[in-house]
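Biologist: I should be grateful for a close look at one part of this model, beginning with a single element and continuing into the segment that comes after it in the chain. Please explain which way its side chains are turned.

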Amino acid sequence: MRGTGGAGAVGTAGVGAAGGGAGVGAGGGGVNLLALRSHNAALVLDLLRTAGDEGISRLELAERTGLTPQAVSKITARLREDGLVAEAGRRASTGGKPRTVLRLVPEAGHAVGVHLDRDEVRVVLVDLRGTVVGERRAALDLGAGAEAVLGAVGETVAGVLPGGFGGGSEVGLDGEVRPGPAGFDRGSGPGAGSGGFDRGSRPGSAGSDGDLRPGSAGLDDGSRPGGAGRAGGSLPGLAGLDPALLGVGVALPGPLDHVRGVLHRVTGFPGWDGFPLREALAGRLGVPVVVDKDTNAAALGLAAGGEGGSFAYLHLGTGLGAGLVIGGSVHRGARTGAGEFGHQVIQLDGPPCTCGNRGCVEALCLAAVARGDLDEAARVLGAGAANLVGLLDIDVVLLGGRTVAAAPDAFTSGVGAVLEARSRRTGQDAVPVRVAPGGDGAVAVGAAQLVLGPVFGRGGG
């Protein structure tokens, strides 16, 4: 992030951390002091996050942020008071007394990531470092209607929280899916007030002094709970199950409007067109909600996890899409519609696709998978990837999704062969192909980063 002189490292495109959505103007106008202080706290938190258990001293924080030592001392004092930061011992100094080292307290805040797929919902609970500390999944039919889908999401989210009552299935460390614990009153349904929810408890906004606190995701006011939404019904606030919960990130197939959290014609499920998913879920869950495409969320999670440069994440599961990171930022496009990779036509008058076109990469690829011809599926996927490489000149292609996870070698070798053939024709180096880390859980983990990103000054990608 670029700084603004002596004020420290202040982003020029707006503040993503707590501060009620106030921005730092790029045109050189006045700076909102509330947003400035919150942004600087986010910078400090991010450095503490990356320092790990070894921690970092106040002097190092000042040097790396450009803030004055006095400002860092005030910020870290507030963060310690809020339980986000703790002392991690002392470190020998080259002169003077030893320096006190500080570390982030990972369990002081949690975020939930939801992967809402066409046939299942997968939910993860992560701590402030992005480490998965809980996971559940449940079967789901995206075409069953809003009430059924939102109810299943609410149950599964509640089940993954520390005080939850168990919705969906538990995914063990060995990868086995087990039934969740009993206790949810399905007869009363979501919104009936059962299950141990605390109606009066919900994460609040940033404090009046602009400090970051557990229970505030630092999201703009548009994503905060405002009502039951179109689907009707609401769950009391989830903060009764986890007071440290910052919010819920939801990732699902597109296209959709990431900014407003409104779905468009989800491929194969046109009945969702125009549905205000963010508003409906925020009203039902009682916490801030962020919505994005599954592939964008996965790409954001990969970037937050250290994947650098410009890359494409290709997700092959019940559908096919791409998440694009260009210059370190997720590229969503002017209308948040970028990444509809699966619906590029590569065979004129080919087989029909659920999007209404014919000969789409997705239709051809899924048809090959259905008949067990993984070599052909990988070749088709490679043809689409080669088009993407030619358009964007990216550094690496990452593959993910449950279909890839079931046969990773077949897809990496098949896609890689197509890209190598392209490189021989163009005289350029072949773009490497790798399986994305995180397996088929990458989307849910990335969805949690939609919430964590603003806390650490990273915005939404």
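Modeller: A helix here is a DSSP run of H or I with at least four residues, and helices are numbered from the N terminus. The model is a predicted one. Helix 3 covers residues 69–81, 13 residues in total, and spans 18 Å from its first C-alpha to its last, close to the 18 Å expected at 1.5 Å a residue. Its buried residues are Val-72, Ile-75, Thr-76, Arg-78 and Leu-79. Viewed down the axis of helix 3, these buried residues lie within an arc of 160°, so they line one face of the helix. The underlying geometry is general: an α-helix has 3.6 residues a turn, so residues three or four places apart point the same way. Gln-70, Lys-74 and Glu-81, on the other side of helix 3, are exposed.

After helix 3 comes Gly-83, with a positive phi near 80°. The chain then supplies strand 2 (85–91), which, like strand 1 (56–57), is at an edge of the sheet. That sheet is open, with three strands in the order 1-3-2 and antiparallel pairing. Each edge strand has a single partner strand, so one side of each lacks a neighbour in the sheet. Five bridges join strand 2 and strand 3, and one pair is Glu-87 with Leu-102 of strand 3. Strand 3 (residues 99–104) also holds Val-101, a buried residue with a relative accessible area of 2%. Among the contacts of Val-101 beyond four places in sequence are Ile-56, Ser-57, Glu-87 and Gly-89. The C-alpha atoms of Val-101 and Gly-89 are 5.6 Å apart, although 12 residues separate the two along the chain.

Key
Residues numbered from 1 in each chain as written. Predicted model: local features only at pLDDT ≥ 70, side-chain atom pairs only at ≥ 80, totals over all residues. Heavy atoms only, no water. Helix = DSSP H or I, 4+ residues; strand = E, 2+ residues; numbered from the N terminus. Expected span 1.5 Å × (residues − 1). Buried < 20%, exposed > 50% of the residue type's maximum accessible area, 1.4 Å probe, protein only. Arc of directions from axis to C-beta. Contact = heavy atoms within 4.5 Å. Pairing = 2+ DSSP bridges.
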